[in-house]
Amino acid sequence: MKSNNQYPLVRFNDLKTDSEINNHVIYRLLAGINHLDHPHTHDFFVFLLFEDGSGTHTIDFSDHPVRPFQIHMLFPHQVHGWDLGINTRCHKLIISRSLFETFSSSIQFAFSRYNRYPVIDLDPVIFKKIAAEFSLICKDLDTIPMFWDVISLRCSLIATLINRHVKSTSERTELRANSVLSRFHLLIEKHFQSHKSVSFYAEQLNVTPNYLTILCKKNFKESALSMIQQRVVLEAKRLMHSSELSIKEIAFELGFQEIAHFSFFFKSKTGLSPRQYRTWL
């Protein structure tokens, strides 16, 4: 059994060098073979722009093949690890949560949905535009004095370019501007610990539970209830990976009054009891 200490929370400030002490943005270049054998969580946002690459990036327990012309997005508290191939060339942009939250509300609203779709294939044109902004940020970070307003604007522009690309990609029609589903995602993130019924979310959205379920099945191929429950299961897995909370404490954290109810729920969704899952890690 792995100790939960092997899944630490990496904080933004821990990554800074002396020269970066005032930074809210950090740029790194990943080149060649890179193994992140011990997954971790973090308290910041990350954009990973793959100019070239192979291998696998595991985000929230799902494996994503790494290919050229991709961007991978990591959100605070996601669990991730990777096994990157020798041909990897990746531009890594680390953005503090406090800076990301200064971006326009429309960008924050859009990105609240992308933690379900963290890997995006880019066409060459949009890749070049985003890569150019990464390059300029890298240069800006080495300029003295640094113009933080410019760096912040470039980060916001990258987020805007990604959002526009996703909206215009026909294969991701489920992420188009559907106000009900967009608000449903936000409400799940806000209330999944305390509210697990479709009727609660439908009431907040001023629609019927049946209509919300139809929308979800049409756009996501799953029911509204399943989406709520998947978010609860994901948080349970994250806590079992990255915290030292007991199973009982995790159950209470997720809004279950009885540990038996939580155990039954978790096993029905994963095939393993919470204790079996933690032993399996």
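The exchange below asks how several descriptions of this predicted model are reached.

Me: What is the make-up of the chain in this predicted model, and how much of the chain is buried?

Reply: The chain has eleven helices and ten strands, and buried residues make up 49% of its 281 residues. Of the contacts between residues at least 6 apart in sequence, 72% join residues at least 24 apart. The accessible surface comes to about 14000 Å², with 54% of that area belonging to carbon and sulfur atoms.

Me: How do you know that the span of helix 3 agrees with its number of residues?

Reply: Helix 3 covers residues 124-141, which is 18 residues. The expected span is 1.5 Å times one less than the number of residues, and for helix 3 this gives 26 Å; the end C-alpha atoms are 26 Å apart, so the two values agree.

Me: What makes the buried residues of helix 3 line one face of the helix?

Reply: The buried residues are Ile126, Phe127, Ile130, Glu133, Phe134, Ile137, Asp140 and Leu141. Seen down the axis of helix 3, these residues fall within an arc of 155°, and therefore they line one face. On the other side of the helix, Val125, Lys128 and Lys139 are exposed. The buried residues pack against strand 2 (25-31), strand 4 (44-52), strand 7 (70-74), strand 9 (89-96) and helix 4 (148-168).

Me: What makes Asp123 a cap of helix 3?

Reply: A side-chain oxygen of Asp123 lies 3.0 Å from the backbone nitrogen of Val125, and Asp123 caps the N-terminal end of the helix in this way. The cut-off for a polar contact is 3.5 Å, and the distance of 3.0 Å is within that cut-off.

Me: Why is Glu133 called buried, and which residues does Glu133 touch?

Reply: Glu133 lies in helix 3 and has a relative accessibility of 12%; because buried means under 20%, Glu133 counts as buried. Not counting residues up to four places away in sequence, Glu133 touches Arg154, Leu157 and Ile158. With Arg154 there is also a polar contact of 3.3 Å between the side chains.

Me: Why is the pair of Phe256 and Phe265 called tilted?

Reply: The count comes to ten aromatic pairs. In one of these, the rings of Phe256 and Phe265 have their centres 5.4 Å apart and their planes at 40°. Planes under 30 degrees apart would count as stacked and planes over 60 as edge-to-face, and because 40° falls under neither heading, the pair is tilted. Both Phe256 and Phe265 are buried.

Me: Why is the pair of Phe262 and Phe266 called tilted?

Reply: The ring centres of Phe262 and Phe266 are 6.0 Å apart, within the 6.5 Å cut-off for a pair, and their planes stand at 45°, so the pair is tilted. Both residues lie in helix 10 (residues 259-270), four residues apart, about one turn of the helix. Ring pairs link Phe256, Phe262, Phe265, Phe266 and Tyr277 into a cluster.

Me: How do you know that Phe262 and Phe266 count as buried?

Reply: The relative accessibility of Phe262 is 1%, and this residue therefore counts as buried. Phe266 has a relative accessible area of 0% and is buried too. Both values are set against a cut-off of under 20%.

Me: Why does Ser273 count as buried, and where is Ser273 found?

Reply: Ser273 is found in the loop between helix 10 and helix 11 (274-280), and its relative accessibility of 18% is under the 20% cut-off, so Ser273 counts as buried. Leaving aside neighbours within four places in sequence, Ser273 is in contact with Phe266 and Lys267. Ser273 and Phe262 are eleven residues apart in sequence, with their C-alpha atoms 9.2 Å apart in space.

Me: Why is Asp60 called buried and His77 partly exposed?

Reply: Asp60 has a relative accessible area of 11%, under the 20% cut-off, and is therefore buried. For His77 the relative accessibility is 38%, in between 20% and 50%, so His77 counts as partly exposed. Asp60 lies in the loop between strand 5 (55-59) and strand 6 (62-65), and its phi is near 50°, a positive value in a residue other than glycine. His77 lies in the loop between strand 7 and strand 8 (80-84) and has a positive phi of about 80°, although it is not a glycine.

How values were computed
Residues numbered from 1 in each chain as written. Predicted model: local features only at pLDDT ≥ 70, side-chain atom pairs only at ≥ 80, totals over all residues. Heavy atoms only, no water. Helix = DSSP H or I, 4+ residues; strand = E, 2+ residues; numbered from the N terminus. Buried < 20%, exposed > 50% of the residue type's maximum accessible area, 1.4 Å probe, protein only. Contact = heavy atoms within 4.5 Å. Areas by Shrake-Rupley, 256 points an atom, 1.4 Å probe, with all protein chains shown as cover. Arc of directions from axis to C-beta. Polar contact = N/O pair within 3.5 Å; in protein donor to acceptor, adjacent residues only side chain to side chain.
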